[in-house]
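Q: Please take a close look at one part of this model, beginning with the chain as a whole and then following that part residue by residue. A connected account would be preferred to a list.

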Amino acid sequence: MEPASRDTTDSDEQYGSFTTGGGDVVVYDTENPTAWLQSSYAVQVGCSPERNSA
């Protein structure tokens with residue numbers, strides 16, 4: 001399986017991710033090459049505008 005695109009490439013980030021040619025998302029630790037996970041489903045994590053409005 002080959003990566004189709006690299007989504008995160010910041011060299012100062014500990015974690016990166018890319019999407020494979022088959023559409024899976026791979027999240028990896030840039031400091032530990034054996035630490036990674038792959039999934040066919042991904043969601044964005046973080047604050048949403050709806051939660052921040054009062």
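A: A contact here means heavy atoms within 4.5 Å. The model is a predicted one. Among its contacts with a separation of 6 or more, those between residues 24 or more positions apart account for 2%. The protein contains four strands and one helix, and their order along the sequence is β-β-β-β-α. Of its 54 residues, 15% count as buried. The exposed surface amounts to about 4600 Å², and carbon and sulfur atoms supply 49% of it.

The part chosen for the close look is strand β3, which comprises residues 25-29. On one side of the account stands β2, which spans residues 15-20. Strands β2 and β3 run antiparallel and are joined by five bridges. One of the bridge pairs is G16 with Y28 of β3, and another is Y15 with D29 of β3. The hairpin of β2 and β3 has four residues between the strands, and G23 in this hairpin adopts a positive phi near 95 degrees.

The second pairing of β3 is with β4, residues 32-39, again in the antiparallel sense and over five bridges. Two residues make up the hairpin connection from β3 to β4. Between these strands, V26 has Q38 of β4 as its bridge partner.

Two residues of β3 deserve particular attention, and V26 may be taken before D29. V26 lies in strand β3. Its relative accessible area is 7%, and V26 is therefore classed as buried, since the limit for that class is under 20%. Residues up to four places away in sequence being left out, V26 touches G16, S17, F18, T20, W36, L37 and Q38. The C-alpha atoms of V26 and L37 are 5.7 Å apart, although eleven residues separate the two along the chain.

D29 also belongs to strand β3. With a relative accessible area of 14%, D29 is buried too, because this value is under 20%. Its side chain reaches the backbone nitrogen of E31 at 2.8 Å. When neighbours within four places in sequence are set aside, the contacts of D29 are Q14, Y15 and A35. Y15 thus appears both as a contact of D29 and as its bridge partner.

Y15 leads on to the surface. Together with V27 and L37, Y15 forms a nonpolar surface patch, and the three share about 290 Å² of accessible area. L37 is thus a member of this patch and also one of the residues touched by the buried V26.

A last point concerns T19, which is placed in strand β2. T19 has 22% relative accessibility; T19 is therefore partly exposed, as buried would require under 20%. Its C-alpha atom is 9.7 Å from that of S39, and the two residues are 20 apart in sequence.

In summary, β3 pairs antiparallel with β2 and with β4, and its residues V26 and D29 are both buried.

Methods:
Residues are numbered from 1 along each chain as its sequence is written. This is a predicted model: local features need pLDDT of at least 70, side-chain atom pairs count only at pLDDT 80 or more; totals for chains, interfaces and linings use all residues. Side-chain values use heavy atoms; hydrogens and water are left out. Buried means under 20% relative accessible area, exposed over 50%, partly exposed in between (1.4 Å probe, protein chains only). A polar contact is a pair of N or O atoms within 3.5 Å; within protein, one must be able to donate a hydrogen and the other to accept it, and residues adjacent in sequence count only if both atoms are side-chain atoms. Patches are made of residues with over 30% relative accessible area and no salt bridge: like charges are joined within 9 Å, nonpolar side chains (Val, Leu, Ile, Met, Phe, Trp, Tyr) within 5 Å. Accessible areas come from the Shrake-Rupley method with a 1.4 Å probe; for residues, only the protein chains shown count as cover. A salt bridge is a side-chain nitrogen of Lys or Arg within 4 Å of a carboxyl oxygen of Asp or Glu. Two strands pair if DSSP finds at least two bridges between them.
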